[in-house]
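Colleague: Please take a close look at the cysteines and the nonpolar core around them, and set out what the model shows there.

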Amino acid sequence: MINALTSWVDFWDFPLANQTIHHVGKRYVMAKSGQRIWRNSDPAPNWPGHRDVIYWQSPDGENNFAAIEYEVCRRENSRLIQLQYGGNTPTSSVFRYMSPAHAAARQPGCYYPTLAPWEGVSYSEMWRNTNPNDREYIAMVREGLDEAGVFGVLGRVPSAQRMFAERLNYGVEATVVYQCYLQQENGFRQCGLELCIYLTGYQPPPADGPPESARHFLRNGELLWSIYMPIPPTQFLPGHPNFEDEMRFWGRQILNNADFCIYEGIYNVNGSVVADDGG
């Protein structure tokens, strides 16, 4: 199940080491360039009950950071609600709304799709303005799990290969999806895809455990995500029976044309940087 409880566990507070974990960072490496990316989640100072999720890129994972994505989100039970994404600062990241009426009232927030084990596709509608024709979509389209292929793609990061293989020891699911972004403004459509491999099912750490006891729990979520790949305006929209096949056609081009961000098993909980050493 891909939802806020099982897939983006680093976005939320959780108890650990007799404290509440407010800051969580997960470190990824770009397979082709070797650049490091931290995905950091902290309470949003301007949005009570919400979280700032900021992606930072640096050559070595430690110095010369530059923000490459800024998002604001919150959780509603198992649903992820996003207020902003698509920019690298609070002012450039775009507000999204559940309807034109919400846009008119300046009430941001839209549901990110969830994907149940029996579903091949799931999608959400949203708007960035009050024009009812400027409907946008985020969709998740399931792809078949090619064990050998995934293992090979993860080969540049041995720790990621290990985490993928060890999931079988814990009854954890690996799901391959294409995340599809269909955007439109003033009649102009922009479409693109990201390939993601999610691990879901690791249990929360004991509340009295040390920071390193979070290592299995923080494997949940994106073991790999590709850089966004633009595609031509889609022939079909979510809800049409041919949409899944069209997205899979374009999604399979990602393997040859996109860089991949792979989770290294390095994370930060309230300032403690820990490596997932397996076991």
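**Cysteines and core**

Modeller: A search of the whole structure finds zero disulfides, a disulfide being a pair of cysteine sulfur atoms within 2.5 Å. The model is predicted: local features need pLDDT of at least 70, side-chain atom pairs count only at pLDDT 80 or more, and totals for chains, interfaces and linings use all residues. Residues are numbered from 1 along each chain as its sequence is written, and side-chain values use heavy atoms, with hydrogens and water left out.

Cysteine 110 cannot be paired because the closest cysteine sulfur, in cysteine 73, is 11 Å from its own, too far for a bond. Cysteine 180 is likewise in no disulfide, the nearest cysteine sulfur, that of cysteine 191, being 9.4 Å away.

Cysteine 110 counts as buried, with 2% relative accessibility, and cysteine 180 counts as buried at 0%. Buried here means under 20% relative accessible area, exposed over 50%, and partly exposed in between (1.4 Å probe, protein chains only).

Cys180 also appears in the largest nonpolar core, which has 71 residues; Cys180, Trp8, Phe14 and Leu218 have the most contacts inside it. Such a core is a set of buried Ala, Val, Leu, Ile, Met, Phe, Trp, Tyr and Cys residues joined through side-chain atoms within 4.5 Å. In soluble globular proteins, nonpolar side chains tend to be buried together.

Leaving aside neighbours within four places in sequence, leucine 218 is in contact (heavy atoms within 4.5 Å) with Val9, Asp10, Phe14, Val24, Lys26, Tyr263, Tyr267 and Val269.
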